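Reader: Please take one part of this model and look at it closely. I would like to see how that part sits within the rest of the chain.

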Amino acid sequence: MPESAEGRFGLRGITGTLLDELITELTRAAEGIALATGTRVEVAQASTRSAHFRNSDVLSATFAEHLSHAGMTVKEPAPGICLGSSDIGNVSARVPAIHPFVAILGPDESAPRFAEAAGGPDGRKARLAAAQALARTAADVLLRPELGARAWSELRRREAAGR
């Protein structure tokens with residue numbers, strides 16, 4: 001057995017609460033292994049923690065409405081696709097935020113065609129429509145104070161609920 005060993009684990013959770021539970025579970029497992037082997041364990045956070053993403057349904061609905069004017073719809077990501085914790089999560093914990101998914105391929109098209117579609121007319125159309133919808137959503141927040149107030153209220157409710 002070596003004199004010392006080190007393990008680094010990247011952990012992610014859909015919510016901060018679930019991430020905390022996973023950290024606790026991993027720490028207990030490491031402590032149990034140390035006890036069983038007569039060794040010592042130290043558990044430390046090695047990097048900056050990213051918060052889970054908190055989507056603003058208020059702003060997402062506004063964005064979706066604007067995107068619909070371009071004949072596009074916002075759809076939830078496929079099952080199993082989750083933003084989890086990321087840098088946008090840290091932003092969304094402090095201010096109302098959205099992270100819309102705008103498709104440039106049809107549901108039956110394969111990923112290998114993605115690069116071609118992204119650089120072609122379909123990709124340009126989707127990017128322009130999304131950029132316009134984002135700009136219009138931002139303008140709405142500035143010009144309609146009640147929209148921003150609803151988005152902030154929603155964020156505070158989610159924060160209080162730990163979601």
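Author: A residue is called buried here when its relative accessible area is under 20%. The model is predicted, and the part chosen is helix α5, residues 121–143. In α5, the buried residues are G123, A126, A129, A130, A133, T137 and D140. An α-helix has 3.6 residues a turn, so residues three or four places apart point the same way. The cover over the buried residues of α5 includes α2 (57–68), α4 (114–119) and α6 (145–161).

The length of α5 can be checked against its residue count. With 23 residues at 1.5 Å a residue, the expected span is 33 Å, and the C-alpha atoms at the two ends are 32 Å apart, which agrees.

Around this helix, the protein chain consists of six helices and zero strands, in the order α-α-α-α-α-α along the sequence. Its radius of gyration is 21 Å, well over the 15 Å that the globule rule gives for 163 residues, so the chain is more spread out than a compact globule. Along the principal axes, the C-alpha atoms fill a box of roughly 65 × 40 × 20 Å.

Buried residues account for 27% of the 163 residues in the protein chain. Of the contacts with a separation of 6 or more, 74% join residues 24 or more positions apart. The accessible surface of the protein chain is about 11400 Å², and carbon and sulfur atoms contribute 58% of that. As for charge, there are 19 positive and 19 negative side chains, with the centres of the two sets 5 Å apart.

Conventions
Residues numbered from 1 in each chain as written. Predicted model: local features only at pLDDT ≥ 70, side-chain atom pairs only at ≥ 80, totals over all residues. Heavy atoms only, no water. Helix = DSSP H or I, 4+ residues; strand = E, 2+ residues; numbered from the N terminus. Expected span 1.5 Å × (residues − 1). Buried < 20%, exposed > 50% of the residue type's maximum accessible area, 1.4 Å probe, protein only. Contact = heavy atoms within 4.5 Å. Rg over C-alpha atoms; globule rule 2.2 N^0.38 Å. Areas by Shrake-Rupley, 256 points an atom, 1.4 Å probe, with all protein chains shown as cover. Lys, Arg positive; Asp, Glu negative; His and termini not counted. Charge placed at Lys NZ, Arg CZ, Asp CG, Glu CD.
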